[in-house]
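This report is a first guide for a reader who has not seen this structure before. It moves from single spans to whole chains and then to the contacts between chains.

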Amino acid sequence: MQVRYENINKKFGNVHVLKNLHLTVNDGEFLVLLGPSGCGKSTALRMLAGLENPTSGEIYIGGQPVTDMDPKDRDISMVFQSYALYPHMSVFENITYPLKIRKVPKAERKKKADDIAEILEIGDLLKRKPKELSGGQRQRVALGRSLIRQPNVFLMDEPLSNLDAKLRVHMRGEIKRLHSELGITSVYVTHDQTEAMTMADRIAIMEGGHLQQLASPDEIYHQPANRYVGGFIGSPAMNSVKGRLNVKTASLDFGTFTIPIDQEWQEILEKRLSGQDIYLGIRPENVRVATKPAENSIKGEVYVVEPLGKEVITIIRAGGHTIVAIVEPDLPLKMNQKVWLTFDEQKLHMFDGKTEEKVV
Amino acid sequence: MSKESLADTSTSSSVQLRNNKNKRFFKKNLLPYWLLLPTISILAVLTIFPLAYSIYVSFQRFNTFGEAVGFHGVNNYADVISSITFWNSLGITLLYTAGVVAVEMVLGLALALMVSKENKVMSYLRWILIIPMMLSPLVVGIVFRLMLNADFGIVNYMLTSIGLPAVDFLGNSLTAFLSIMLVDVWQWTPMCFLIALAGLQSLPQDPYEAARLDGASKWQILRDITIPLLKPVLIVALVIRTMDALRMFDQVFVLTQGGPGRATEVISFLMYRAAMRFSDFGFATAGLFMVLVVTILLSLIMIKLLNRTEKTGGY
Amino acid sequence: MPQAKTGMKARRIREDALRYGMLFFICLVVLFPLYWMVITSFKTQRELFSGTQTFFPSNFTLTYYLDPLEGVLSTNSPFLGFFFNSMIVSFFSTMFCLIIGSLAAYSLARFEIKLNKNDRLSFFILTARMLPPIVIIVPMYLIMQQLGLLNTHWAMLIVYTGFNLPFVVWMMKAFFQEIPTELEESAMVDGDSRMKAFYKIILPLVGPGLVATSIFTIILTWNEFLFAMFLLNSADMMTLPPGIANFITQYETNWGSLTAAATLAVIPVVIFSFFVQKHLVKGMTLGAVKG
């Protein structure tokens, strides 16, 4: 079912945690709310669940306003970060609790529990109490409790953050698979960009109570809407160098080096920039490193070399700037070695020096 | 439909929504208050009302039959302030409080340090050590009255059997006062012990390991690490014990009835006597208000102290 | 090196011996008065007053418990009445306190309400507990007199419910705060209303806390003397503490009956306190110190 946030504001005392949030989650979509802690993503999710009231604005589920509804009337389900399993109930009782509330007959409850337990491979745990389960098993039980009825919307609040790295990767895949099988509209909150990139149909990046960008993982990665998104997504982070548009020489001036631009570009930039300042963004994998100078190359010096096996992360000092590049492991680089950098022009990102919004 | 009427309908529907929202808002947000209502109203009736009533009473004159016979102005307060027995009693109470609280805190902390080690014997010991504070102060008073009896008390029996002279514990001003304190220490050291123990068991371990590596002696560790870390918890014990000691009544009632003379006439007992024996409710309530002020001031000071240690870190 | 090791070991043994020796002595000091109370109740008057004190009764007697004239358990003695009155008053006031106090505690533990900014309301409730009882006892006496409730159990129920409420609220608040909020939230998302989530999910989980709190409240009520003495004046209404105090004036010299009554009054408390050991600290400090 479609979910819509309309002009939502939320204040906790003097803290304005959500500012004019407009967001639509399409029917059947897997939407990830991504952002650092304190960005308002959890608050947005909890409002959708009805656990928090917006200060102003309206939330719709399936076109119906739900802002004033109690959680129980919204027909949503939610997996909590701490799983929130009922400690005094067995796994079976936990999973079937939502059905019990809805007075589903016992035989049907049993059947549904068996079905869901089979999907989640927890069939042999049904009689246990939550404290006898491992972290991964608890996670599955929490999922089971959310999925046993067909909710309108399925919410997850950092459900994987308490698992170890290996299990997290595994559950990531499982959740994605479950989603594509059940097709329930899902909203998933995380601060982990890998989870967001691998699981989402679309990602909503939030920061400081603002929605920064809402787009597919691909678009977010390749066309970040602003400098924040560019820097937040991607590891190692995007290089961002501050410079000025120099109309006279038809180039971008970064102090120790310049990048020439053609007439067409110059016109666009002149029109779009709020001032003269500009941020140039370039991802580490789009920086080429050579041991010999080439046309338009920038001279620099190797600062740190971090081999990762299949690639090497190299931090290079060029003038006053620090630039991270990913290079092939067969390129023999040493500390303090002189190198020459070139940027892949197709992959350059330009952000306004003041507003930090994408220019082109 | 004209543009205007369209605008009209849209505003009216949004007003509807708003009203609806307000109703729900109140329904949702009043629940916490409904839950609190019974408690608050009972407490208001049982504390604020009597307090207000006793303010009224403290300005009334009472005859010897305990009947209010008219407005007395601040005369009751003047009577209290000019009464030697009141100041005597206040002095005794404060001396008593300072004495027992100091002894109980030190003993309690020492005991806690002795049994903080975790093993089976210790867990039984802990249970034994906290029994006194669960008992009725009245029963404790009776037992000590039996043991301290001048003629057939076991304490005097033991003293004389090792060649010491018998003491009339409750018949002599100084020993009566000390006996009351002894009973308090016996009964309430466990409270300080218990709180200190809980504090000790929740202390982080790394400062100890670091101090040991730094070569600190046991005594230095106690002085430089344990006690500073334990300070907030110790202040809690201090506050609770001080409040209780200031209002102590039961033991004096059983053991000495304030005597001999007025040697153990703590403030609660003095006011009890004024109210019950002499029906001078005006005098009693006026005196109690002054005691209340002292109690509140003392507790405010101690709570400030507590807040300061919490702000500067504590643990 | 090995020598240093044995030296250390010897020192540790010495320290342990000293520690356990002292603890043994302290336990003796703690337990002796109780022991003395119990054995005195089994001694004959003559043995008690004879010049030599015995640490075990030489003529073991049950007179002060069972004798139709002197025994506290006989129907001639008002003791059983006191015991029964104490049970009624403790049980009902504890029940009222828990029902009323738990709701308030839940509200304070879970909701952010303006009235309770910076825990103001919680502290207001606590000050009600810190009031010296003697301060409100005189007006309470006069009020009960006006209401015609003097010398009734109703007076005791009202006073004890009010007097123990702050304790119950603070202690239950500490217990509620130990339960993660996500549990109710999860239950609400699963389809419960707030109050349903409270009694189906939270109340069962806080069960041990409820038991501990009620035992504490029972002990507090059981031991309370001052209010009972003021507000009750006939033997058929009296609870144990003022009842036992009456023994002193009535039978000044009958230490046998007195200690027998005291022993019987103490037994339930000692048994109960065993069950709340784990929560003692929380109870005694109103949750200010985690135990």
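## Transmembrane spans of chain C

Residues 197-222 of chain C are 96% helix and 0% strand, with 34 Å between the end C-alpha atoms. The model described here is predicted. A second span, residues 255-276 of chain C, is 100% helix and 0% strand, and its end C-alpha atoms lie 31 Å apart.

Both spans appear in an unreviewed UniProt entry under "transmembrane region". That entry lists residues 20-39, 82-109, 121-142, 154-176, 197-222 and 255-276 of chain C.

## Chain C as a whole

Chain C contains 14 helices and zero strands. Its pattern along the sequence is therefore an unbroken run of helices, α-α-α-α-α-α-α-α-α-α-α-α-α-α.

The radius of gyration of chain C is 25 Å, whereas a compact globule of 291 residues would have one near 19 Å. Along the principal axes, the C-alpha atoms of chain C fill a box of roughly 80 × 75 × 35 Å. Of the 291 residues in chain C, 49% are buried. Among contacts in chain C with a separation of 6 or more, 67% are between residues 24 or more positions apart.

## Two domains in chain C

The domain assignment splits chain C into domain 1 (2-66) and domain 2 (79-290). Taken over C-alpha atoms, the centres of domain 1 of chain C and domain 2 of chain C are 34 Å apart. Where these two domains meet, 10 residues come from domain 1 of chain C and seven residues from domain 2 of chain C.

On the domain 1 side of this contact, H1, helix H2 (45-49) and helix H3 (63-66) of chain C each supply at least two residues. H1(C) gives the largest share, four residues. By class, the side of domain 1 of chain C that touches domain 2 of chain C has five nonpolar, four polar and one charged residue.

## A buried methionine

Met172(C) sits in helix H7 (residues 153-177) of chain C. Is Met172(C) buried or exposed? Met172(C) counts as buried because it has 26 C-beta neighbours inside 10 Å, and the cut-off for a buried residue is 20 or more.

Apart from neighbours within four places in sequence, Met172(C) is in contact with Gly101(C), Ser102(C), Ala105(C), Gly209(C) and Thr213(C). Gly162(C) lies 10 residues from Met172(C) along the chain, and their C-alpha atoms are separated by 16 Å.

## Chain C against chain B

Which residues take part where chain C and chain B touch? On the chain C side there are 68 residues, in contact with 67 residues of chain B. Helix H1 (residues 2-41) of chain C supplies the largest share of the chain C side, 11 residues. The side of chain C that touches chain B consists of 53 nonpolar, 12 polar and three charged residues.

## Chain A: domains and a sheet

In chain A, the assignment gives domain 1 (3-229) and domain 2 (236-352). The C-alpha centres of domain 1 of chain A and domain 2 of chain A are 40 Å apart. An unreviewed UniProt entry lists residues 3-233 of chain A for "domain: ABC transporter". Over residues 3-233 of chain A, the chain is 37% helix and 26% strand, with the end C-alpha atoms 25 Å apart.

Chain A holds an open sheet of four strands with antiparallel pairing, in the order E2-E1-E4-E5. Strand E2 (15-25) and strand E5 (64-65) of chain A stand at the edges; each has a single partner strand, so one side of each has no neighbour in the sheet. Strand E1 (residues 3-12) of chain A runs antiparallel to strand E4 (residues 56-61) of chain A, and five bridges join them. Glu6(A) has Glu58(A), in E4(A), as its bridge partner.

## Chain A against chain C

The contact between chain A and chain C takes 18 residues from chain A and 14 residues from chain C. Strand E6 (76-79) and helix H2 (91-101) of chain A each supply at least two residues of the chain A side. The side of chain A that touches chain C is made up of 12 nonpolar, three polar and three charged residues.

Terms used
Residues numbered from 1 in each chain as written. Chains lettered and ligands numbered in written order. Predicted model: local features only at pLDDT ≥ 70, side-chain atom pairs only at ≥ 80, totals over all residues. Rg over C-alpha atoms; globule rule 2.2 N^0.38 Å. Buried ≥ 20, exposed ≤ 12 C-beta atoms within 10 Å, placed from the backbone. Nonpolar A, V, L, I, M, F, W, Y, C, P; charged D, E, K, R; others polar. Domains from an automatic or database assignment. UniProt positions renumbered as here; feature names shortened; annotations may be inferred. Pairing = 2+ DSSP bridges.
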